[in-house]
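Colleague: Got a minute to go through this model with me? I'd like to start with a helix and then move on to whatever else stands out.

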Amino acid sequence: MRDVRDFDGPDFDGRDGRDGRDGPGGRDLDRPDFDGPHFDGPDFDGADEPGLTVSPPKTWATGAPAVAHALKYALGQTSPRRTALTLLGINQPKGFDCPGCAWPEPAPGQRHMNEYCENGAKHISDEATTRRVTAEFFREHSVEELSRRTDHWLNQQGRLTEPMVLREGATHYEPIGWDEALDLLAGELRALDSPDEALFYTSGRLANEPAFLLQLFARAFGTNNLPDCSNMCHESSGSALGETLGIGKGSVGLDDLYDSDLVFVVGQNPGTNHPRMLSALEETKRRGGHVVAVNPLPEAGLLRFKHPQKARGVIGRGTDIADQFLQMRPGGDLALFQALNLLLLEAEDKEPGTVLDREFIDAHTSGYEAFAERIRETSWDAVLDATGLTRDEIERVHERVLASRGVIVCWAMGLTQHKHGVPTIREVVNFLLLRGNIGRPGAGVCPVRGHSNVQGDRTMGIWERMPQPFMDRLGREFAFTPPTAHGLDSVDSIRAMRDGRAKVFVGVAGNFVRATPDSDVTEQALRNCRLTAHISTKLNRSHAVCGRTALILPTLGRSDRDVQAGGEQFMTVEDSMSEVHSTRGRLRPASEHLLSEVSIITRLAHRVLGDGPAIPWAEFEADYDLVRDRISRVVEGFGDFNERVRRPGGFRLPNPVNSRVFNTATGKAVFSVNDFTMLRAPEGHLVLQTLRSHDQWNTVPYALDDRYRGIKGGRRVVLVNPADLDRQGLADGDLVDLVSVWTDGSERRADAFRVVGYSTPPGSAAAYYPETNVLVPLDSVADISNTPTSKSVIVRLEPARALRGAEQRLEVSPSA
C-alpha cells in the first residue's frame, strides 16, 4: 500500500467553510454564501468527494494528538471560556455526564480532573457550540434543500433555538409558539383511532427522569409502542443474556475489569467508540492481566494506547493493549467460541476435574449435557473456514484461558448485528459458564453500550415488552391499568408507518432516519405519517423527512442549566456497568425559548390525558425529586433514590447474577445449544460490515476524517483487502457503487465510493454508516432480537454509474 493516496490533489482539512467567528444570532460572517456540497439524499447522488486522501493507518491511539484534536474542535465551536466550563465539568461528581458513550467513571476520589476522552470532548463541544439555527435559517432553507445536505453540514449549523412547524403543503418551516405546538401535537394524538397508531421513539441521550415520564405517558395514553435505539444495537445482547442469565445487562464493574486475568474485547473498537475503556484495559495490563482482541479490522487503540494524562502516554511508548489479535472474518465469532468450548471439553476429558468448574455447573446451571453433546460435533474445518483463523491461533487463546482464573468477555455491535447475533452471545455465555466465570470477581459478561443512557432508559421502562411485574407496579403507583399487548420496536415501527398502521411519530432525541436500516423505505414510511415531531438539540436529517405536518421541538442539552419553578434541577443516568449518578448542566441555555425534555413531555401529557389518570404532571415539571420518588417505588433497585443519588458518585444497582441468582425459567444459568452458522458470500461478492469513523458519534460526523484508519477529507470509502481488489480487477482510488444482494433477489445500491486497499480479512469489506444504511433491507434482522444485520451485508462492487463508460481510476501519487 502506498504511503499517501491523493484522490484529488490539494489536501482537504475536513472543515465546511465556517471558521467559528459568529455574528449576531450565531450566523457565520466569514463565508455567508457557503452552503456546502449538495446531495440528493442518504444514497448520495454519485458526485465524488474532492478532498479525499489516504495514508497508512495508525498503530497506536490517543496521546498528545488526541488532546490537540479535541481542543481544536472545541475552540472551533465556541470560546475558550465556554470550552473550559464544559471540559472541567464532564463526568465529575457535581458536573454533567458526557452525552457520548456509556463507559463508567472511576470512584469520585479516583477521577482525573480531565475525566473524558477525545470524542467526549468533541461531543460536548458540539453541544456547547455558539452557532445557532434561528427562524431566519429556516426562511432561507426549504425542507427540500435541507434533505439534500450532508449529515455533517446539518450538524454544523448549530443549536436549535425555537419551536418550528412545517404545515401541510408548506415548503419551509416557520416559527410556532410552545402552546400552539403542543396543542397541535396533542390534538393529532387524541384524534387517532387507537393509541397504537402513535410511536414514541427515544435515543440513549435521554436521562432517567424524562425517560420514566415518557413511558408513563405512553402507557397512560394506551400503548406500549416505545421503540428505542437499543433495538438497533444491543437488543441481541439483552435477548441472549435474559434467556441464559435472567437479566439483560452486564455483570461486571470497573474493579472486575482491573482485576481480571484475561479480558476478551470482541467486535468493538474502543479507541473510537468508548476511548476511556482503553484506560481501564491499561490498568488490567498493569496488574498483570492479559487482553485478547477479536475484530475484523486491526484497531489502533487495541494495538497500543498512549494515556494522555500520564507521562508514558505523552513522551513514552505507551502500553501495548492486545496480547493477541485475532483478525476475525465478519460473523465468525460464533464458530470461534464453539471451538474454544470444544477445546475446554477435550482438556477436561484428558485431566478430569482440573479444567471445568463442575461444582458451579452442577449447582448453578442447566442444559450442560445437551450443550456438550452438540459442541463435540464441532468441525475444525468449518471453524477455520468461518473464522479465517488458524488452529494454532485458536489454541494459543485456549492456553491463555487455561492459565486464567478470572475471564471477562466484552463485546459491542460486531456481535449483535448479525442474523446469528443472539446465538453468538449465548455461546459466549456457555464459554464463561464452563469455568465458573459468572458471578465472581474479575469475571463475567460485559456488553459495552455506546450511547450515554441507553441502559438507563431501558431500566426506566423504555421497552415495548417490559416485564409484567414492572407494569403491575406502574399501574398501582398511578392508579391505571397499563396496556398488556406488546408494542412495536424500531424495525416494526417502520413497517407500521410504511403500511399506514402508525400515523404519528414522536422522536425524543436521536436521529431516527439515519439510525435505521433501509433508508429509502424508512424515509417513505415517515412521510406517510400525519404528523412527525422531533424533540432535539441540533438539526439532523430526520427534520427534513417529514409527515404531512412536522414539528421541531428544541430542548436543553446535557450541559445546559435546567431551572424550573422548584429551582435548579438535576437528572440521573445509568452507565454500562449499572452505576446510577446525577448529571447537572452548568451552561446558560442556547436560547430563552428552550424547554427541558421533562417540561415538553409533562405539558404534552397533560394536554392529551387531561385529569385521567390522576398523574401530577405539573408538579413533576416543577420538581424532579417528585419524579424520583415515584421511580423509587416502581423500578427495582431504586429505593431511597433521592438520597442515594446525592452521594458523590451515586450508587450501583444490584445484579442478581453476582449473587449467583438467575431469574430464568429454570432458576439457573442456562447452557444453550446453538447451531453452527457461517456467513458465505457468492463468488465475486464480499461481506461488508458498516462502522463508524473516528470523527463520528453515532450518526453524527464531526469531520470528514478517520484519523486512526488514515482516511482524511471524505467518508464515501470502502475498505477492501488488496487480494480481493486484484481478483476483481480493482485498484486504490477506483470509484465504485456498492450493491447489496439478498436472498429474496432484491438489490440496493449506494453510489460512488472510493476503493481503499486495507487490512480486512479476505472476502470482506468495511464502510461507514449512515451512508451504507441504505444497503440493509428492513427485513434483514437478527433472529429473536429483530436487530438489523448491519455487520453482515453481502455486496458486490460495480464501476460507479456516475463514471461508467469512462476512465474510472485516478492517479495515485506515491509518498514524498
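Modeller: Sure. Bear in mind that this is a predicted model. In α1, the buried residues are Ala66, Ala70, Tyr73, Ala74 and Gln77.

Colleague: Where do the buried residues of α1 fall, seen down its axis?

Modeller: They sit within an arc of 100°, so they line one face of the helix. The general rule behind that kind of pattern is that an α-helix has 3.6 residues a turn, so residues three or four places apart point the same way.

Colleague: And what do the buried residues of α1 pack against?

Modeller: Their partners are β3 (61-62), α2 (80-87), α3 (118-127) and α6 (151-156).

Colleague: How many residues does α1 have, and how far does it reach?

Modeller: α1 runs over residues 64-77, which makes 14 residues. From first C-alpha to last it spans 20 Å, close to the 20 Å expected at 1.5 Å a residue.

Colleague: OK, switching to cores. Which residues touch the most other members in the largest nonpolar core?

Modeller: Leu185, Leu189, Phe200 and Phe217, out of 65 residues in that core. Helix α8 (residues 208-221) gives the largest share, 9 residues. There's also another core apart from it, with 54 residues, including Leu245, Leu340, Leu415 and Leu434.

Colleague: Back to Phe200: what is it in contact with, leaving aside neighbours within four places in sequence?

Modeller: Among the contacts of Phe200 are Leu189, Leu214, Phe217, Phe221, Pro227 and Val506.

Colleague: Now charges. How many salt bridges does the structure hold?

Modeller: There are 61 salt bridges. One of them pairs Arg495 with Asp779, at 2.9 Å from N to O. Arg495 lies in helix α24 (residues 490-498) and Asp779 in the loop between β33 (764-768) and β34 (793-799), so the pair ties together parts that are 284 residues apart in sequence.

Colleague: Is Arg495 buried or exposed? And Asp779, buried or exposed?

Modeller: Arg495 is buried, with 17% relative accessible area, whereas Asp779 is exposed at 54%.

Colleague: What about Glu283, what does it form a salt bridge with?

Modeller: Glu283 pairs with Arg287, and their closest N and O atoms are 2.8 Å apart. Glu283 is buried at 13% relative accessibility, while Arg287 is partly exposed at 44%.

Colleague: Last one: which residues are linked in a network of salt bridges?

Modeller: Asp737, Glu747, Arg749, Asp751, Arg796, Glu798 and Arg801.

Definitions and conventions. Residues numbered from 1 in each chain as written. Predicted model: local features only at pLDDT ≥ 70, side-chain atom pairs only at ≥ 80, totals over all residues. Heavy atoms only, no water. Salt bridge = Lys/Arg side-chain N within 4 Å of Asp/Glu carboxyl O. Buried < 20%, exposed > 50% of the residue type's maximum accessible area, 1.4 Å probe, protein only. Helix = DSSP H or I, 4+ residues; strand = E, 2+ residues; numbered from the N terminus. Expected span 1.5 Å × (residues − 1). Arc of directions from axis to C-beta. Contact = heavy atoms within 4.5 Å. Core = buried A, V, L, I, M, F, W, Y, C linked by side-chain atoms within 4.5 Å.
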